[in-house]
Every structure is written in structure tokens, then in C-alpha cells.
Amino acid sequence: MKNANPRDLTSPDQAVAGVIALAHHAGAKNWIPATSGNFSVRIDATDCAITASGSDKTKLTADGVIRAPFAGGTHPRQSAEAPLHYLMYRLSPTIGAVTHVHAQPAVLASLALAKDSRVRIEGLELLKAFSGVNTHETHLDVPVFDNEQDMEALAARVETRLKADGLGWGFLLAGHGIYAWGKDVAEALRHLDAFDYLFTLMLKLRGVPA
Ligand SMILES: [Zn+2]
């Protein structure tokens, strides 16, 4: 596939390679059991490369990645959770990659550490892993949403809250998993790794084995 549009932020081939890299990283960390999880990378102002429904992403190849319109419309092979990826690209042109995993520390944190529909992370050095954070002397409130099978309804709830509270770098779905993003694949991976480490540490501090 050749990148014919000079305005593309990322060539389609690069985007597919990025999706595969994200999926393989998550698979190596055991974050996406039983065909769960999905990953996407922005191509341009209207489309992203995203994992198709159902496949085992730990062994993802280009066949399991589709080009889908996030600005409107659907793709016949898109996963049920694709609307949440599409939402993030619509919310900010600075978001270049979106990840969703079912990592156990994130699921545990969403249930055991949530208070007032958020998990507060504070006082930990690795908060500096998040883009724009320069000190550990801060706190990060990660939104927690009730899980929901109607993804369009969930996306509407997420949109309302993130527009009001700010985008941040991720949110939790209670008893389900985490969405995390970044300006590109490398930043999305760094944020996802940081969330995993910080939730694991917070759970240990609160006596919840992770
Ligand atoms: Zn999920």
C-alpha cells in the first residue's frame, strides 16, 4: 500500500505496523487474554488503522488490521469497542494512537481503588512518565466509567465527561479494563506501561494483591 496523500500524518503502512507493535507489546505483557483488547493508530484527519473484531491480537498480522473512518461511518469488520477509539480521535487531533487492554492491575484498580468515579494516583515518581508532567508532587485522577455493552451509549458518556474534565491520558471501565492514548505509538505505549506500574503499586500500597 502506498501513501498517496501528502497530508497524511502517518502512512497507512506505518499505522498498521504501529497497531501490530502495540498489540504484540500488550500480548507479551499478558494484558489481552482470550482475543480481548484493541489497538489503533491515526492515519489522517478521517481514518485510523485499527484491529479487526475477534482475532488473537497477541499474534496479530496485517490481515487483522482494518482501515476505518473515525469521523463518521463504520467498517464491517470493526470490533464492538471501535466507537471508543473513534471518539478519542474526534476529541483531539493531537491523539495519534489509542490502546485498550484488560490488564489485571487496571481491572483491579477500577474496582478496588475507585472513589467518586475516579482513581487518584499521587506522590509517585513515575507520574512523570505522562506527557507534560514534570514532578511527582502532583496527582492524576483517572476517570472510571461503569461498564456498558452499548458502546455508542458508553462513548457518549465518555465524551461528555472528558470534554468537561479534560482528556488526560486514559480512563478505566469498571471490571473491564483501561483505555490509554498518546500523540504517537511510542507515547501511548509509555502511558500504558506507566498506568500498569502505577496501578500495581497503588494496589500493593492498599493491600490488594495484583
Ligand atoms: Zn475490552
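1. His176 counts as buried, at 10% relative accessibility; buried means under 20% relative accessible area, exposed over 50%, and partly exposed in between, taken with a 1.4 Å probe on protein chains only. This is a predicted model, in which local features need pLDDT of at least 70, side-chain atom pairs count only at pLDDT 80 or more, and totals for chains, interfaces and linings use all residues. Residues are numbered from 1 along each chain as its sequence is written, and side-chain values use heavy atoms, with hydrogens and water left out.

2. What does His176 bind to? The zinc ion has His176 (NE2) among its protein donors, together with Glu81 (OE), His100 (NE2) and His102 (NE2), at 2.1 to 2.4 Å. Donors are N, O and S atoms within 2.8 Å of the metal (3.2 Å for Na, K and Ca); water is not among the atoms, so sites may look incomplete. Along the chain the donors are spaced as E-x18-H-x1-H-x73-H. Glu81 and His176 link distant parts of the chain, 95 residues apart: Glu81 is in the loop between strand S3 (65-69) and helix H2 (82-91), and His176 in the loop between strand S7 (170-173) and strand S8 (177-182). Helices (H or I, at least four residues) and strands (E, at least two) are DSSP runs, numbered from the N terminus. Glu81 is buried as well, with a relative accessible area of 12%.

3. The geometry of the zinc site is irregular, with angles of 97 to 148° among the four donor atoms. Four donors count as tetrahedral if all angles lie between 85 and 135 degrees; four count as square planar and six as octahedral if opposite donors are over 155 degrees apart and all others between 65 and 115; anything else is irregular.

4. Strand S4 (residues 97-101) holds Thr99, and Val98 is in strand S4 too. Thr99 is buried at 0% relative accessibility, and Val98 is buried with a relative accessible area of 0%. Contact means heavy atoms within 4.5 Å. Leaving out residues up to four places away in sequence, Thr99 touches residues including Leu22, His85, Ile178 and Leu192. On the same terms, Val98 touches ten residues' worth of surroundings that include His85, Met88, Tyr89 and Trp181. Val98 and Asp13 are 85 residues apart in sequence and 17 Å apart in space, C-alpha to C-alpha.

5. His85 lies in helix H2. Is His85 buried or exposed? His85 is buried, with a relative accessible area of 0%. Beyond its neighbours within four places in sequence, His85 is in contact with Asn38, Phe39, Ser40, Ile50, Val98, Thr99, His100 and Tyr179. One of these contacts, His100, is also a donor of the zinc ion.6. The largest nonpolar core has 45 residues, and those with the most contacts inside it are Val101, Ile121, Phe130, Phe195 and Phe199. A nonpolar core is a set of buried Ala, Val, Leu, Ile, Met, Phe, Trp, Tyr and Cys residues joined through side-chain atoms within 4.5 Å. Elements that each supply at least two residues include helix H1 (12-28), strand S1 (38-42), S4 and helix H5 (185-205). H5 gives the most, with nine residues. Apart from this core lies another, of 25 residues, among them Tyr89, Leu91, Val158 and Phe171.

7. Helix H4 (residues 151-165) has 15 residues and reaches 21 Å from its first C-alpha to its last, close to the expected 21 Å; the expected span is 1.5 Å times one less than the number of residues. Met151, Leu154, Ala155, Val158 and Leu162 of H4 are buried. They lie on the same side of H4, because they cover an arc of only 100° around the axis, the arc being that of the directions from the helix axis to the C-beta atoms. H2, S6, S7 and S8 are among what covers them. The face turned away carries the exposed residues Glu152, Thr160, Lys163 and Ala164.

8. Ala34 is in the loop between H1 and S1, as is Thr35. Phi is positive in both, near 55° for Ala34 and near 65° for Thr35. Most residues other than glycine have a negative phi. Ala34 is exposed, at 73% relative accessible area, while Thr35 is partly exposed, at 39%.
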